[in-house]
Amino acid sequence: MPKDHGIGASSKRREDVRFLTGRGRYTDDINLHGQAYAWFVRSPVAHGRLNKVETEAAAGMPGVLRVFTGADFEGVGGLPCGWQVTDRFGEVMQEPGHPVLAQGKVRHVGDPIAVVVAETEAQARDAAEAVVFDIEELEPVLDMKAALESAAPKVHDDLESNLCYDWGFVEENREAVNAAFDKAAHVTTLELVNQRLVPNAMEPRVAVGDYNTGTDDSTLYTTSQNPHVIRLLMGAFVLGIPEHKLRVVAPDVGGGFGSKIFHYAEEAFCTFAAKQLRRPVKWTCQRSESFITDAHGRDHVTKIELALDAEGHFQAIRTETYANMGAYLSTFAPSVPTWLHGTLMAGNYTTPLIYVNVKAVFTNTVPVDAYRGAGRPEATFQLERVIDKAAREMGIDPVEIRRKNFVTEFPYATPVAVEYDTGDYHATLDKLLEIADVAGFEARLAESKARGKLRGLGLNCYIEACGIAPSHLVGQLGARAGLYESATVRVNATGGLVVMTGSHSHGQGHETTFAQVVADMIGLDENMVEIVHGDTANTPMGMGTYGSRSLAVGGSAMVRATEKIIAKAKKIAAHLMEASPEDIELKDGAFTVAGTDKSVAWGDVTLAAYVPHNYPLEEIEPGLEETAFYDPNNFTFPAGAYACEVELDPDTGKVTILSFAAADDFGNIVNPMVVDGQVHGGLAQGIGQALLEGATYDEYGQLLSGSYMDYAMPRADDVPFYTVDHSCQTPCTHNPLGVKGCGEAGAIGSPPAVVNAVVDALQRAGHSDITHIDMPLTPSRVWAAMQG
Amino acid sequence: MYAFEFDRPATLDEAIALMSEEEAQALGGGQTLIPTLKQRLAAPARLVSLTAIPELAGVCVADDGALCVGATTTHAAIAQEAAAHYPALAALAGNIGDPAVRNRGTIGGSVANNDPSACYPAAVLASGATIKTANREIAADDFFEGMFATALEEGEIVTEIRFPVPEKAAYMKFEQPASRFALVGVFVAKFAGGVRVAVTGASEEGVFRWTEAEEALSANFSPDAISGLSLAADNMIGDLHGTPEYRAHLAKVMTGRAVAAAG
């Protein structure tokens, strides 16, 4: 029987009532007394010397309070990067400055040049058109390989080259990997592009800066996945405001997908300008502006080689990737193609030798950073594509070649520095074959054929490292932050609980699922637990939400804090019942003394804590509030197997996804419905990448796919009804809930399944020369491939 | 959006008078013009809305059997009201954009704008329709003059499109994945006197008639009739969504499918 409450129940998402009835309170809904509006003047060219910015005419326009330029930010810090990668040769990466407003040069279309602040947004926009700037255009740096040639123009004049770093992993294995390739029975090589994506959260970014002249406190309201991180980065590195004088609030946030992790110039600007002008300053991103300012995702060009023995056992993997950083280093950009990518190259398999080389390159494009999956989709895509290609070349069934190489004993230490704690890859693959009805494929193939259509089946496995991350480990890897999480559980006198978590919810459903966990631990109705997040003033320290970490790390902190609450409450109950704390049991919200009929209710204990008339004051303090920090001692490793069935119209090249099945192992599940939703959303994003989405620049560095007229987001009729299953559960061994995280799996695991399916359809139709097509598999690209 | 004067006249005469003023711009359903204004890509001094003029809206059948569609009739209204007399046109209208676009956008606005990827120009041209303005009638063959260019004079207002109703017709649209405008759309219309084929979305010159296909289909109205034909890729649009060769190929595929659908 499915549970109807607590852990394991599909409780309805309580936050959806306000979201679906238009009563959410987003950053753009916040309007402060005396608020002024900012409008950014942005570079229309990709690369140029910014010789002059004239603001006088704009400053004289109606309603204008002040026009800011890069000169106003001299002496103010630049936007910091939170991760330092060390290269193959032991040198730290090249790290350019990132001014809040352009100084001396513009480096991508959209780079901010000036900001007009006026009484109304319309006045600010009008005046922005009167800002005159003189840009001496320079040749843009766009192609990553060309960018590394010695004659290439430099994005940053003060750096040696456009190379951010040349990373080797594991560098010590390089020669052994090469030797394994030399003696391999078979080598499969695949060159591919993991294309650049635009995140496109439904809610565009917004920032409202406020300054209290009486207290000298600054407040920033912003669309962020991690307000505490913004407080630290902006306060310490940009504006020099100590954390106790700076509050950052991220209220309801309409989707992030990674793009709202990072600290952006507009946040720093609004906070800075509010203090300068002694007025609240608000900026709301236009949709077309978000295309050229939100950090983009992916953008890797990769060559992967797989060495196999004659039976199809993987002997070694060697990869060379060019990773686009864009014009500046966004907050966590350097970590994505390295530690979030190289460490996943073992996949679900026992490949003993792996060498990953990544060259991160600066170009005159929008900065690239983490986007749902971040590095792991890139790893999974190349690995699962090359395995499919190898299986075909060697005449081995794609299921069998995977089974032959599965990791089956845990814990398993990969040759790429991570240790899988638990998993059962045969079980998820078995489940997949069942729910996808792989056995019935031939009959469906014949049916498509009869209608003149090509049909294909693609499947793949995936693994991801989530629950980011052990601080001691990421510190060694170059992180400039810890990646623990914290929670405070406050029990009120009347028994209700407020849980303040450092995890941020922007679509994930924490307000429901976190309440389920705490209510379950105590045995209370979920409605007695309120989840509070997103405000540095009322939550403890938080590292935020990304990397499928909220439940595994934030939830674990919450469990630890709740355990402390229960321990203290038992002492109070023991006192009230004149028993020993060791004999107290807590069940269904009541405390009993083991072996007796003595009982006190939860509410009696909480009241006693705040009205301590009969209370062990000499032993414990009044009140019932506890805080815990949780730093995981390993990543979690969700894994699974996905299958996609497509039909292809040979006359037009159009691909239709007929079915998609996902068998995931997320460990223990708190809310199956919410997990289904997370997987559905991830699959839609992965299918979007596979078939539709792609950011394309022209030779001048102009973004051709700069609006929804040319950037194709997946719509309801682009995706099928999904078959998802998460009944295979190997609980995580090292966090108290046994959970692994589910937010990114769909986006990580689905692109290779789609491409494998399309290649399968074409191969079955006799196109034996087509072994790969780069994403997105638009009708035009598929048709062109079919023309040879 | 920049500031502009706004008028919503109740008669055609008033509209004509207002349109003669400096930098006046006619406004139909605004599905192209309003987004353009919002992006500050156009700055008319005066917008003259035509949607309050009763005689410009609605669908009727003329004595000669032609379908008369008022210029401010919305796509949604055409999808419904033309269904009985000209089902291929109604189906085309019912598949433009999304419900919000169909309930605001007008046929007159679309035809006057002549977006190279719009659907209506294919129907107008393939039907051999007549575009009526306040003071003249223009044959479809003379009306479309290339991307966003028409035979309309400055300030001239489209009042009605008059469609001869073919014996058989169908429109096949292959959607551009992002905008869902026609990457290529083909309207095939079979009249007693012959077949007309109009292709939208494909050409740098805007909507055009594929005369070789017309001749072949006039002799034999079946998809096989065009199997030996091909369109040259010269002058076809090449962009993110398709090469000129792909568009030329799609035009043939969609023509065949339209013939099959028309029966």
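User: Which residue stands opposite V489(A) in β25(A)?

Analyst: In this predicted model, that's E626(A).

User: What makes β19 and β25 of chain A partners?

Analyst: Two strands count as paired once DSSP finds at least two bridges between them. β19(A), residues 485–491, is joined to β25(A) by six bridges, so the pair meets that cut-off. The two strands run antiparallel.

User: Why is the sheet with β21, β20, β19 and β25 of chain A called open, and which strands stand at its edges?

Analyst: The order is β21-β20-β19-β25 in chain A, with mixed pairing. β21 (529–532) and β25 (625–630) of chain A each have a single partner strand, so one side of each is left without a neighbour in the sheet. Neighbouring strands here are turned by 15 degrees against each other on average, ignoring direction.

User: What lies across β19, β20 and β25 of chain A?

Analyst: Helix α15 of chain A, residues 550–577. Its direction is about 35 degrees to β19(A).

User: What about the sheet with β18, β26, β27 and β28 of chain A: why is one side of some strands left without a neighbour?

Analyst: This open sheet has four strands, ordered β18-β26-β27-β28 in chain A, and its pairing is mixed. β18 (454–463) and β28 (722–725) of chain A sit at the edges with a single partner strand each, so one side of each has no neighbour in the sheet. On average, neighbouring strands are turned by 10 degrees against each other, direction ignored.

User: How do you know that β27 and β28 of chain A pair, and do they run parallel or antiparallel?

Analyst: Four bridges join β27(A), residues 655–665, to β28(A). The cut-off is at least two, so they pair. They run parallel, and F660(A) stands opposite Y722(A) in β28(A).

User: Which helices pack on that sheet or lie across its strands?

Analyst: Helix α12 (441–450) of chain A lies across β18 and β26 (639–648) of chain A, at about 140 degrees to β18(A). Helix α17 (672–692) of chain A packs on the sheet, touching β27 and β28 of chain A, and makes about 135 degrees with β27(A).

User: How many residues does the contact take from chain A and from chain B?

Analyst: 15 residues from chain A and 11 residues from chain B. On the chain B side, helix α10 (244–262) gives the most, with three residues.

User: What makes a residue on that side of chain B nonpolar, polar or charged, and how do they divide?

Analyst: Asp, Glu, Lys and Arg count as charged. The side of chain B that touches chain A has no charged residues, so none of those four types is there. The residues divide into seven nonpolar and four polar.

Notes. Residues are numbered from 1 along each chain as its sequence is written. Chains are lettered from A and ligands numbered from 1 in the order in which they are written. This is a predicted model: local features need pLDDT of at least 70, side-chain atom pairs count only at pLDDT 80 or more; totals for chains, interfaces and linings use all residues. Two residues are in contact if their C-beta atoms, placed from the backbone, lie within 7 Å. Axes are lines fitted to C-alpha atoms, for helices over the stretch in contact, and angles run from 0 to 180 degrees between N-to-C directions.
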